[in-house]
Amino acid sequence: MNGNSILLVEDDPGIGRFVTRGLAAEGFSVQWLRGISGVPRQLTGADYAVLILDLMLPDGDGCSLARYLREAGQMVPILMLTARDSLDEKLDGFRNGADDYLTKPFAFDELLARVKVLARRGSAGPERSLLQVADLSIDVRAREVSCAGQLISLTRREFDLLLYLARHAGEVVSRERLLAGAWGNNGELSINTVDVYLGYLRRKLKAHGSETEIATVRGIGCRIGLAPDAGNLDPAAGSA
């Protein structure tokens with residue numbers, strides 16, 4: 001993955017120039033498109049570190065484009081940049097394949113920080129079929145989880161939740177992101193459901209002697225891994 005190449009899709013000329021110049025000054029190479037029609041072709045055979053995607057474009061909807069790209073197997077990290085700021089709209093963005101979400105107006109320093117995080121994540125390349133998190137081995141294709149060679153029996157929803165956490169190991173992930181990223185657009189599930197299934201996972205990991213912790217970061221979310229040293233973490237089996 002080329003860590004310096006950014007594809008920006010933004011129809012507002014002021015924002016487009018602002019982002020392009022700012023990222024160029026930080027050493028990024030920016031390709032700026034004003035609409036979504038040329039995006040799939042631009043991504044074909046290219047090696048972009050991040051796609052910065054506006055949602056309200058003159059020739060289509062950014063969410064629909066993100067969903068199309070994900071269904072087509074395109075895994076470039078997507079930062080959605082939009083004036084839509086309601087929780088439902090943010091969740092919709094995550095459900096359709098966004099990796100991060102930044103609302104307008106925004107500070108360039110925050111945009112830059114988010115772009116750098118996504119670029120580092122993308123540089124890891126395609127996901128392996130076997131993920132290792134602390135003492136857990138997760139076979140993505142077989143949908144199996146083991147600890148010290150012993151399989152841990154998980155339901156479909158438990159596995160999907162654990163897999164999303166594992167894919168973002170080391171990050172603090174909000175319950176809203178967990179809900180959208182793990183289970184998608186399912187109107188039957190709620191934020192409270194996330195808490196319930198986090199409790200199920202914690203109990204099953206403990207029952208199998210796993211040292212992997214799903215630690216709560218108060219007021220923000222949770223993350224998976226070995227217990228960090230930060231004092232604001234509560235590794236107890238509480239809600240996120």
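Leucine L201 counts as buried because its relative accessibility is 0%; here buried means under 20% relative accessible area, exposed over 50% and partly exposed in between, with a 1.4 Å probe and protein chains only. This is a predicted model, in which local features need pLDDT of at least 70, side-chain atom pairs count only at pLDDT 80 or more, and totals for chains, interfaces and linings use all residues. Residues are numbered from 1 along each chain as its sequence is written, and side-chain values use heavy atoms, with hydrogens and water left out.

**Overall fold**

The protein chain has eight helices and 14 strands. These elements are DSSP runs numbered from the N terminus, namely helices (H or I, at least four residues) and strands (E, at least two). Of the 240 residues of the chain, 46% count as buried. A contact means heavy atoms within 4.5 Å. Among contacts between residues at least 6 apart in sequence, 54% join residues at least 24 apart.

**Helix 8 and its partners**

L201 belongs to helix 8. Leaving aside residues up to four places away in sequence, L201 touches L154, E158, L161, L162 and I214. L201 and L161 are 40 residues apart along the chain, and their C-alpha atoms are separated by 8.7 Å.

I191 also lies in helix 8, which covers residues 191-207. With the residues up to four places away again not counted, I191 touches R175, E176 and L179. The C-alpha atoms of I191 and E176, which are 15 residues apart along the chain, are separated by 6.6 Å.

**Nonpolar cores**

A nonpolar core is a set of buried Ala, Val, Leu, Ile, Met, Phe, Trp, Tyr and Cys residues joined through side-chain atoms within 4.5 Å. The largest such core has 29 residues, and those with the most contacts inside it are I138, L161, L178, W183, L198 and I214. Helix 6 gives the largest share of this core, seven residues. Another core, of 23 residues, lies apart from it and includes L7, L91, A98 and A180.

**The second largest pocket**

A pocket is found on a 1 Å grid over the protein atoms alone, as an open set of points where a 1.4 Å probe fits, with protein on both sides within 12 Å along at least five of seven lines; lining residues have an atom within 4 Å of a point. The second largest pocket has a volume of about 330 Å³, where a volume is the space filled by probe spheres set on the points. Of its 18 lining residues, the closest to the centre are F94, D100, Y101, R114 and R177. Helix 4 (87-95), strand 7 (100-103), helix 5 (108-122) and helix 7 (175-183) each give two or more residues to this lining.

**Backbone features and cysteines**

Most residues other than glycine have a negative phi, and most peptide bonds are trans. Two alanines have a positive phi, as tabulated below.

| Residue | Phi | Place | Relative accessible area |
|---|---|---|---|
| A134 | near 50° | loop between strand 8 and strand 9 | 35%, partly exposed |
| A148 | about 55° | loop between strand 10 and strand 11 (150-152) | 74%, exposed |

A cis peptide bond joins K104 and P105, with omega about -5°. P105 is found in the loop between strand 7 and helix 5.

The structure holds zero disulfides (pairs of cysteine sulfur atoms within 2.5 Å). C63 is buried at 3% relative accessibility, and C147 is buried at 4%.
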